[in-house]
Amino acid sequence: MKTKFAPLMAALTAAALFTGTACSSSSDDATEQSNPDEKVALTYWTWAPNMDKVVAAWNAANPNIQVTVNKQDGGDPAVTKLLTAIKAGSGAPDIMQAEYQKIPTLVSADAITDIAPEVGSLKDKFPEGSWSGVTLGSEAVYGVPQDSGPLMFFYRADVFEKNGLQAPKTWDDYAAAAEKIHKADPKQYIGTFSATDAGLFTGLAQQAGASWWGVNGDAWSVNINEPNTQKVAAYWGGLVEKGVVDNKPMYTPEWNAALNDGTQVGWVSAVWAPGVLEGSAKDTKGKWKAAAMPQWDAASPATGNWGGSATSVTTQTKHKAQAAKFVSWINSDPAALKLLATEANIYPAANDAASVLTSPPAFFSDQPDFYTIAAEAAKATKPFTYGPNVNVAYSAFNDAFGKAAESKKASAFTESLVTMQQTTVDDLKNSGFNVAG
């Protein structure tokens, strides 16, 4: 069964994720008949903590548009639940938190609707990299960016100082620091290449200028095995082959211990890293610093994202205008941004995020410019378009790069991109999508 990527350029056709009759509960007709002044009740599916406290501020000021938060499991379970409701023709919320990487899947299944007429004027309130995550490279807008995860570099300042090093400005600096630190103490590494974290590798490729999916006329294009990504793969493969970075996965007991005992002295991560470090490396509080990402070209600062989500309006809503009004408020109003940061504990995607984050995270309490660095990183995030089968590409990454990391051969890293490219293209074709090239 095929369904239409309706507002997307050239009426791109895409295979829906479920068999059966396409959902006919689109909000278009109902929205046209909706009275903006009537009292309506909206439901909002989200997994962010304490979102009910954020929404309470909206409800207090908007008696005619009352929003009820329905807490969900994050990531794939929430997407599956929404798509099941879309297939059934009922049961979907009015508003849905959606990870950027899942938006193409939700659009292709006709689960979320284009709200460009209602929210398009907000574009300048967000970094280009975040806004591109809700447009799929088109004039349509499938949500408003809520939070982002701009990549940053975190490092043990005491270890760097001991070795006469500063935070690396370039990736050449990072490689030199990696070698010097490991030579001075063979137990210490500046970081690890984790073959179980495709999202981080995607962000690194994004920083280098890659965008793995695109729309080409009436078809998807896939461009994973391209020069910018090859450069990133070759770089990390070279460091692993030389043995100056570790090759073990992150988020394991072993990795947590290494952060805490000082054998992992750096981490390429995102703005949300302080929370992880607080839990995994509590004994090292006060020893870490945050810095901008090392650059490929120091004259043109850039970074990528690791994580982040938008707030979208579903196709089953009967109150599109009111839902879009709430979506705009929660992601752009200064009071709402403050609540997102302090209550929901997320880093708002809006350009104004730094203005509402006046104190650094507790783990970096001695670095008052933490959120200034984060804001600059967010503004420098490069655009990136995801496709409808991110899960397949990420699974291929785990398999291919897992073997490459274990082999410790640089050539295996770049060869893994061939596997990712072919697997992703084959899956799109097998799922009924038009694929360019």
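## Salt bridges

A salt bridge here is a side-chain nitrogen of Lys or Arg within 4 Å of a carboxyl oxygen of Asp or Glu. Going through the whole structure, which is a predicted model, a search turns up six salt bridges. Let's look at some of them.

One of them joins the side chains of Arg-156 and Asp-158, with N and O 2.8 Å apart. Arg-156 has a relative accessibility of 7%, so this residue counts as buried. Asp-158 comes out at 31%, so that partner is partly exposed. Another bridge pairs Asp-246 with Lys-248, and here the closest N and O atoms are 3.7 Å apart. Asp-246 is buried, at 14% relative accessibility, while Lys-248 is partly exposed, with a relative accessible area of 36%.

Then there's the bridge between the side chains of Lys-289 and Asp-366, at 3.9 Å from N to O. This pair ties together distant parts of the chain, 77 residues apart: Lys-289 belongs to strand S10 (residues 288–291), and Asp-366 is in the loop between helix H15 (353–356) and helix H16 (370–379). Lys-289 is partly exposed at 25% relative accessible area, and Asp-366 is partly exposed too, at 40%.

## Aromatic rings and their neighbours

Now for the rings. The whole structure has 40 aromatic pairs, according to the search. Take Trp-171 and Tyr-174: their ring centres are 5.2 Å apart and their planes meet at 70°, so this pair is edge-to-face. The cut-off behind that label is an angle over 60 degrees. Both residues sit in helix H8 (residues 171–184), and because they are three residues apart there, about one helical turn separates Trp-171 from Tyr-174. An α-helix has 3.6 residues a turn, so residues three or four places apart point the same way. Trp-171 and Tyr-174 are both buried.

Some rings have a lysine over the face instead. Lys-81 lies over Trp-45, at 4.9 Å from the ring centre. Lys-231 does likewise with Trp-296, at 4.6 Å from the ring centre.

## The nonpolar core

What does the inside look like? In soluble globular proteins, nonpolar side chains tend to be buried together. In this model, the largest nonpolar core has 143 residues, and those with the most contacts inside it are Ile-103, Tyr-174, Phe-193, Trp-212, Trp-236, Phe-326 and Phe-401. Helix H17 (residues 390–407) is the top contributor to this core, giving eight residues. Tyr-174, from the edge-to-face pair, is among the residues with the most contacts in the core.

Phe-193 is worth a visit of its own. Leaving aside residues up to four places away in sequence, Phe-193 touches Phe-201, Trp-236, Val-240, Asp-246, Asn-247, Lys-248, Phe-397, Phe-401, Ala-405 and Phe-413. Two names in that list, Asp-246 and Lys-248, are the partners of a salt bridge described above.

## Two covered helices

Helix H13 (residues 320–332) has 13 residues, which at 1.5 Å a residue should span 18 Å; the C-alpha atoms at its ends are 18 Å apart, so the two values agree. How much of H13 is buried? Most of this helix is covered, with 11 of its 13 residues buried. Among them are Phe-326, Val-327, Trp-329 and Ile-330, along with polar residues such as Gln-322 and Asn-331. Phe-326 also appears among the core residues with the most contacts.

H16 is mostly covered as well, with seven of its 10 residues buried. Those buried residues are Phe-370, Tyr-371, Ile-373, Ala-374, Ala-375, Ala-377 and Ala-378. The cover over them includes strand S6 (144–156), helix H12 (273–280), S10 and H15. S10 is also where Lys-289 sits.

## Two loop residues with positive phi

Most residues other than glycine have a negative phi, and most peptide bonds are trans. Which way does Asp-110 go, positive or negative? Its phi is positive, near 55°, although Asp-110 is a residue other than glycine. Asp-110 is found in the loop between helix H4 (103–108) and helix H5 (116–119). With 23% relative accessibility, Asp-110 counts as partly exposed.

Asn-345 has a positive phi too, of about 60°, and is not a glycine either. Asn-345 is placed in the loop between helix H14 (334–342) and H15. This residue is exposed, with a relative accessible area of 64%.

Technical notes:
Residues are numbered from 1 along each chain as its sequence is written. This is a predicted model: local features need pLDDT of at least 70, side-chain atom pairs count only at pLDDT 80 or more; totals for chains, interfaces and linings use all residues. Side-chain values use heavy atoms; hydrogens and water are left out. Rings of Phe, Tyr and Trp (its six-membered ring) pair if their centres lie within 6.5 Å; planes under 30 degrees apart count as stacked, over 60 as edge-to-face and the rest as tilted. Helices (H or I, at least four residues) and strands (E, at least two) are DSSP runs, numbered from the N terminus. Buried means under 20% relative accessible area, exposed over 50%, partly exposed in between (1.4 Å probe, protein chains only). A charge sits over a ring if NZ of Lys or CZ of Arg is within 6 Å of the ring centre and within 35 degrees of the ring normal. The expected span of a helix is 1.5 Å times one less than its number of residues. A nonpolar core is a set of buried Ala, Val, Leu, Ile, Met, Phe, Trp, Tyr and Cys residues joined through side-chain atoms within 4.5 Å. Contact means heavy atoms within 4.5 Å.
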